[in-house]
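This report concerns one helix and one strand, together with their surroundings. Please consult the sequence and the structure shown below.

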There are 2 protein chains.
Amino acid sequence: MARDKSTIRLTYVPRSHIQNKTAQSSDPQSTSASVSTPTPTQPIGPGTKQHLTRAYSPRSYWAGKSSVPLTGLHIANTTLFRKEAVTRQNNAFARIEKALGTDDLWKLPPRYGNMDREDMLLEGLRAARVTVNDGMDYGHKIFHQSNHEWALSNANPFGLTGLLFIPMLKLQCNPEQLAYWLPLAESGKIIGSYAQTELGHGSFVAGLQTTATLDKVTDEFVIHTPNLSAVKYWPGALGFASTHTIVIAQMIIDGKEYGTHSFVMQIRSLEDFKPLPDIELGDMGLKMSYNGTDNGYAIFHHVRIPRTNLLSRYNTVSKDGAYLADPLREKLLYGGMVGARSTIIRNSAFQLAQALTISTRYSAVRLQGQRSIPDEPAIMSYKLQHYRLLTLISKAYAILFASMAANVTYQKLLEAQARGDHASLPYVHMIMAGLKAWCTQTAADGAEDARKLCGGQGYLTMSGLPEIVASSTGCCTFEGENTVLWKQVSRYLMKGIAAPALPPDMAYICSSTATLLASYAGDAFLKPSVLVQVFEHRAAILVNEAYELLCAEEGSAVRAENTHAVALHVAARAHIELYILRAFIARVSASPAALQPVLTNLLLLSHLHTASSPLVPTSSSFTSFLTSTQLSTMRSLTNTLLEQLLPDAIALTDAWNFSDASLSSVLGCRDGDVYRRIMMWTRDLPINVHARENGGVLREGWEDYIKKFLGEGVVRSKL
Amino acid sequence: MARDKSTIRLTYVPRSHIQNKTAQSSDPQSTSASVSTPTPTQPIGPGTKQHLTRAYSPRSYWAGKSSVPLTGLHIANTTLFRKEAVTRQNNAFARIEKALGTDDLWKLPPRYGNMDREDMLLEGLRAARVTVNDGMDYGHKIFHQSNHEWALSNANPFGLTGLLFIPMLKLQCNPEQLAYWLPLAESGKIIGSYAQTELGHGSFVAGLQTTATLDKVTDEFVIHTPNLSAVKYWPGALGFASTHTIVIAQMIIDGKEYGTHSFVMQIRSLEDFKPLPDIELGDMGLKMSYNGTDNGYAIFHHVRIPRTNLLSRYNTVSKDGAYLADPLREKLLYGGMVGARSTIIRNSAFQLAQALTISTRYSAVRLQGQRSIPDEPAIMSYKLQHYRLLTLISKAYAILFASMAANVTYQKLLEAQARGDHASLPYVHMIMAGLKAWCTQTAADGAEDARKLCGGQGYLTMSGLPEIVASSTGCCTFEGENTVLWKQVSRYLMKGIAAPALPPDMAYICSSTATLLASYAGDAFLKPSVLVQVFEHRAAILVNEAYELLCAEEGSAVRAENTHAVALHVAARAHIELYILRAFIARVSASPAALQPVLTNLLLLSHLHTASSPLVPTSSSFTSFLTSTQLSTMRSLTNTLLEQLLPDAIALTDAWNFSDASLSSVLGCRDGDVYRRIMMWTRDLPINVHARENGGVLREGWEDYIKKFLGEGVVRSKL
């Protein structure tokens, strides 16, 4: 059975290094004696043997052409990704990569060398200084959202200043406070952190235990950690990098608790950087990711700060202890804080796209033989490879487009709130909560799947993928744990369905499209409007089912909600997936005409996959109203879409415009020259350099353990 | 709405440290000035404040009693986990934990300190020497399967000798070879590795490119790496620890290729440990996990070894180049190699159980408030917490029981093969392939979910969970990539359904139980026999569907198989899940009567969950023949089972008998004293110790980066 070559027609656009690597030898022995690092202008050439040439020269594999002109971020609509924005981003990354020395892709990136916890933090500080200064020097906020490798900017010890400290000052300071603090933070004269989470309290902010007690005699607040579970634990940059923090504490005046409030305070000396008296600060050690920053702990021992350090835009405490708060304080603060989730949602799209860029590029050059096929095709031609890659690519776009839609809604909320209109806060809060949960989980699972699609090499730290996976999955937990967020969506839904009038976004649960849906067949499912009906009907069924379960339950509402948590969770998910579908459709319509066909294919793939793939969790919720014939039609259409999209796989990931250096991946460089780079980086590893200096032996390993062990074996064998 | 206390009745059995910790103060300040490490006999006591007492004294929460007498490994049936085996295991772990100094749970384990790549490997060598010597000194093979922290034993630089090198010698050596090599390996006079995988070839073993060319003049084989993609890459212990390796190479005699064969060869000097001439060896750097070992690379430059180093049990090459092979060579070798998968399957159960032990214990002491509940209950009482934990616990048991069943079948195969009967090889191969894929994926996903269930603290490296997750997910890729393994199951199924007579394990695909199934309601689904019918019917539908899709496809079989890869994958999964159900039932029947009720509940939970939970992938395959009423009954029964099993959650994880030290988790010690231990370990981190020695400042961070950055800020603010 011969390999069907027609299934392999991906487009791979080779860039640098490809042109001039036909002459040299690729004998692995050649660099064995003297291990030198070739520069990009002096690459080790591909081999004379046929399989070598093929393995390292993707052009010979992907001779086709992309079916659409996808270049750079133009695919993602000009309204957000303007040409000037793309240029500004490219320039910023080029500057910092040069400054950090990561622009030479033949050199082992420092982070894959012999780093311990302290080295990682120092490396993070090095990158922080470069990126944050670049933003201030060139007047951009690119690194307010992500770091130089597309992790969230709180992966950077100075990044929290832009991500949370400054936004919180803007949200909560009165005019005098803002005039004082903002210039300090914006110019980099101080470094900020945000001390909210405690050892014993994360999601349940109202339960925080740090106290801020007013001392009327001295006109000060006394910040104190009353017990172990009140130790501030997890705040980024709190350990060894920030000079100031915004601490969230229970405010106590005259023995009365007023709930959690925000206080800005200095925590380290600007002279010698020592912690101020009665403050203990430290690092939390290694985490799955974010090891470039110092998530830390703080213990306060009756630390005194001026009364005026209470952030006082919406609440004030007078010298004599009188408390005054805007009646809408909570709503105003909450509305402002939803913004952080918006950043996380958007960034999760980029992190998933990063993983997919690496995995798709490697899949285009990695050969995979099997006994029944005489030649070794690229692994991309195998169905389960491109099925998973392309559906994940479609999800990355879905997340991006949903985040763009949600952000527009969020900006409208802020404008309305400024006019005193808070009506849409519950809706926006719900959408951001649900999208944060859906998008971060989809991105984390997708990144891990993209990693698995690279086989063993995806397990190498230098593939870049383990770090992306670990960093993505962190987003499922912080800034609102996803399980808790889903609960907030389902509460909104249950409140909405019980209300006299349905909220506008829930109107669909009353429309009956069952008869109409039963009539659809064949290509009808390629109409986005039909998919909307499918997703509406499914969400309506699940929301109604969950509500009926709650109503039928005896006992308290809390108990009923707990008993039927799974049904509520699934209903919440269906409501959010409907939002995502609508956002995708809207974005396609707003795109340039030339891009609409490929984006429509992605839109269809993403949602036919959700509805009909037997591998997707919650796909069973579609089977109650779609016939098996309809589902099998959807699966067949999915196959057709995959065939149509396959030639664009590389272009669809190139469109995200990641620089090679920002991917930090031995597998993911544009040139596709994977195996030579693996051996270059591997030989450059400090452990190997040290061993070579010692005749090929890891000195301590041999002397302290192996020699002794073998000696014990000799003794044992003589017993 | 008051918290319904009846939902919180878990049993938590506190052990050490609990008794004598009522007197001391828990003020976090108390250890702030002088940071000393308390010994187990001098613990920091719990607080006087009510919430502190609760947080650190699980006994006050879990006052109930376990409903069944589950202690130690007795739950897992006496046929495998005999009392003597448990004692031997406990003694071995106690010895090595004392030798390694990990037995003091108030001391930061070395692996969470300031380790770089080299330190990690040295720490692995230290543990390797202790564990492997213990096995040889005390005559046990406990660490032939796992290391001292329940990763597979190839996580250990000397572990591959027991895991692969010795078994391969036994499988492939002729008697003279065995008499020479086995005593060397078994006494620890040499250290072995197994060099199969190359840069360009993993799953497709036939495609390996390293050559072994016979030189008749010198009576030697010449081992050579002909190109970059032929570099041996990934073999454990190959970098810096092994003295000898079994290299898999294409054998060439007189210019003719004879396919891959195994050769044993020395690679390092036993005198000074230098690589032998013309061999380049090195480490691969950091991986997601397994960093205690030296997965490495090897490049051979025409290295000569005696002709007699060809392992020659089933194939010989004479001095004049005549090749002779047992006609059943491939079958015999293949049968023997399936054994490694059996070890991986079994170990994945233990790794999942480890993650669940940590997560369940922490869930029993971690409080989680919400606004609608006046008090803060343990997070375990929330449905989505114990729903996920208990279903995952049921999966860990399912994996364990399936591995036990498969192992019996495998042993029978080996006995049959010894008699020349190879008839059951395809079946055993298929079962091991499918179980390896199902079990490792279930364990890896489950471990990650267990990690997420610990919230932020599960993201801490010192929680032990990131390492378990990273180590488990590696098993999805090595020793048979899971996607490839599923393909082998579906090929067996398609071959079976097309055969004139169905294989016995596929007989169910002809039986029609549709009418019978339609008649079931209510508690009928609590009968294991009914569940078998459900799973049989589902598998039958999916296998038939996949076969029909293949038959309907035009073009080559390879193309058809590729087009319908998803349908084939789902069918394979259904066949394996049926096997797992049957194995679970058989194991329950063989268990002591007192344990049968709780094991039956686990069995039902596991499979009702698979069949009816909307959150499980492939659950949609049950909806085509079960009515929505039946599915909703199953979900309701699931809720009842969860209530019944909740009190046993701690006991069901205790039953796996992990020592606290082998969990290496700040969250998972039996005493439940989580927050005090977090602060103890955190303060002990080298980075914090170093900073304290420098007045609370990370010296290099301040001097090299922060001071400069702040200075630049001062300059900028004056511009």
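How many of the 14 residues of α6(B) are buried? In this predicted model, the count is 12 of the 14, so the helix is largely enclosed by the rest of the structure. Among the buried residues are B:Gly159, B:Leu160, B:Phe165, B:Ile166, B:Met168 and B:Gln172. The elements that cover them include α5 (142-145), α7 (175-187), β1 (192-195), β5 (244-253), β6 (256-266) and α8 (329-365) of chain B.

Helix α6 of chain B comprises residues 159-172. At 1.5 Å a residue, its 14 residues should span 20 Å, and the end C-alpha atoms are 19 Å apart, which agrees. The helix nevertheless bends by about 35 degrees at B:Phe165, and the proline B:Pro167 follows within four residues.

One of the covering elements, β5 (244-253) of chain B, is itself buried in 10 of its 10 residues, so this strand is largely enclosed by the rest of the structure. The strand pairings of β5(B) are listed below.

| Strand joined to β5(B) | Bridges | Direction |
|---|---|---|
| β1(B) | 4 bridges | parallel |
| β2(B) | 3 bridges | parallel |
| β6(B) | 9 bridges | antiparallel |

Individual residues illustrate these pairings. B:Ser193 has B:Thr245 of β5(B) as its bridge partner, and B:Thr213 has B:Ile252 of β5(B). On the antiparallel side, B:Val247 stands opposite B:Phe263 in β6(B). The hairpin of β5(B) and β6(B) has 2 residues between the strands, and B:Asp254 takes a positive phi near 50 degrees there.

Notes: Residues are numbered from 1 along each chain as its sequence is written. Chains are lettered from A and ligands numbered from 1 in the order in which they are written. This is a predicted model: local features need pLDDT of at least 70, side-chain atom pairs count only at pLDDT 80 or more; totals for chains, interfaces and linings use all residues. Side-chain values use heavy atoms; hydrogens and water are left out. The expected span of a helix is 1.5 Å times one less than its number of residues. The bend at a residue is the angle between axes fitted to the seven residues ending there and the seven starting there. Buried means under 20% relative accessible area, exposed over 50%, partly exposed in between (1.4 Å probe, protein chains only). Contact means heavy atoms within 4.5 Å. Two strands pair if DSSP finds at least two bridges between them.
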